[in-house]
Amino acid sequence: MVLTNLKRISFRHLLKWDEHLLIIWYDIKTVMPAGIWPFLALACVGIVLQIATDETGQLLYQAFVAEILFPLLVAMISYRLIMEDMEEQRIEFLTIREPLQSIWMRRLGSLILVATLSVGGMWLGWQITSKETLTFISTLYVFAAPALVLSGIGSVLAFGARRVPIGDLVIVFWWGFCILSYKAAYHILGPLYLFPLWYSLRMEDEVVNFLSTKWVLGLVGLLLLFLGFLFLGSKGQNYTS
């Protein structure tokens, strides 16, 4: 009798471990292809641009890659980490052991870690191939603020509307406006202008209150991500119920 009960307990624990391992493996398959290869490819592009550009334009290209391209890639992937599962009705499997919000936050954290490591690797490549580069802290600083705010607004809209293209549309519009109409965007948006370092290098002018602008962007981004977290909790119930 005791032996039978022990076998049942062991079997149940084995099932739980199998479920946890299955979920972890699923998350790895979801985040790794979406995050690692595009970021590594973009880091290589940043190093190649650095090598191919003369010294006078190297800082401008560094800002273009770190402040403009990397944040867009992070933002476009951030809400897809969970929205594709929601749209393809895989939520019941994912929420066996863990709330939907926790799954998204874990995946988002993994994505940001991969992006940060890729930016760091690109910075090392710049150090090797160029005499004049941004400092490591500055590189992370200019990357993080627009990445957070673009990911935040995209997540809020995608989770709120339950449609990925809604987030894409607003992100691309804001991002494109700040590049294509950078003079007007800088004066209209003020501290919400996404790329102050790139703007200052392009205009060969000093951006007023550069650090405070980045802090404002970062704080707005964190607030938007928190709102996205709340939206995911409320809207996600419609998928799991």
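Which polar side chain has an atom 2.8 Å from the backbone nitrogen of W198? In this predicted model, the partner is E67, whose side chain supplies the polar atom at that distance. A walk through the overall fold helps to place this pair.

The chain is built from ten helices and has zero strands, so that, by the DSSP assignment used here, its elements read α-α-α-α-α-α-α-α-α-α from the N terminus on. Of its 241 residues, 43% count as buried. Among contacts between residues at least 6 apart in sequence, 72% join residues at least 24 apart. The accessible surface amounts to about 12,900 Å², and carbon and sulfur atoms account for 69% of that area.

Back to E67, which is found in helix α2, spanning residues 58-78. This residue counts as buried because its relative accessibility is 0%, against a cut-off of under 20%. Besides the atom pair with the backbone of W198, the E67 side chain makes a polar contact with the side chain of K214, at 2.7 Å. Setting aside neighbours within four places in sequence, the contacts of E67 take in Q62, V142, P146 and K214, together with the run L194, F195, P196, L197 and W198.

Part of that run belongs to helix α9 (residues 196-203), where P196, L197, W198, Y199 and S200 are buried. Just after α9, the backbone of E204 adopts a positive phi of about 50°.

F195, one of the residues in contact with E67, also has a place in the nonpolar interior. The largest nonpolar core holds 58 residues, and F70, Y193 and F195 are the members that touch the most others. Helix α5 (residues 100-129) gives the most to this core, contributing eleven residues. Not counting residues up to four places away in sequence, F195 touches E67, I68, P146, W175, C178 and I179. P146 thus appears in the contact lists of both E67 and F195. In soluble globular proteins, nonpolar side chains tend to be buried together.

The surface offers a nonpolar feature of its own. L223, F226, L227, L230 and F231 make a nonpolar patch of about 440 Å². One of these residues, L227, lies in helix α10, which covers residues 210-240. With a relative accessible area of 34%, L227 is classed as partly exposed, because this value falls between the 20% and 50% limits. As for spacing, residues three or four places apart in an α-helix point the same way, because the helix has 3.6 residues a turn.

Technical notes
Residues are numbered from 1 along each chain as its sequence is written. This is a predicted model: local features need pLDDT of at least 70, side-chain atom pairs count only at pLDDT 80 or more; totals for chains, interfaces and linings use all residues. Side-chain values use heavy atoms; hydrogens and water are left out. Buried means under 20% relative accessible area, exposed over 50%, partly exposed in between (1.4 Å probe, protein chains only). Helices (H or I, at least four residues) and strands (E, at least two) are DSSP runs, numbered from the N terminus. A polar contact is a pair of N or O atoms within 3.5 Å; within protein, one must be able to donate a hydrogen and the other to accept it, and residues adjacent in sequence count only if both atoms are side-chain atoms. Contact means heavy atoms within 4.5 Å. Patches are made of residues with over 30% relative accessible area and no salt bridge: like charges are joined within 9 Å, nonpolar side chains (Val, Leu, Ile, Met, Phe, Trp, Tyr) within 5 Å. Accessible areas come from the Shrake-Rupley method with a 1.4 Å probe; for residues, only the protein chains shown count as cover. A salt bridge is a side-chain nitrogen of Lys or Arg within 4 Å of a carboxyl oxygen of Asp or Glu. A nonpolar core is a set of buried Ala, Val, Leu, Ile, Met, Phe, Trp, Tyr and Cys residues joined through side-chain atoms within 4.5 Å.
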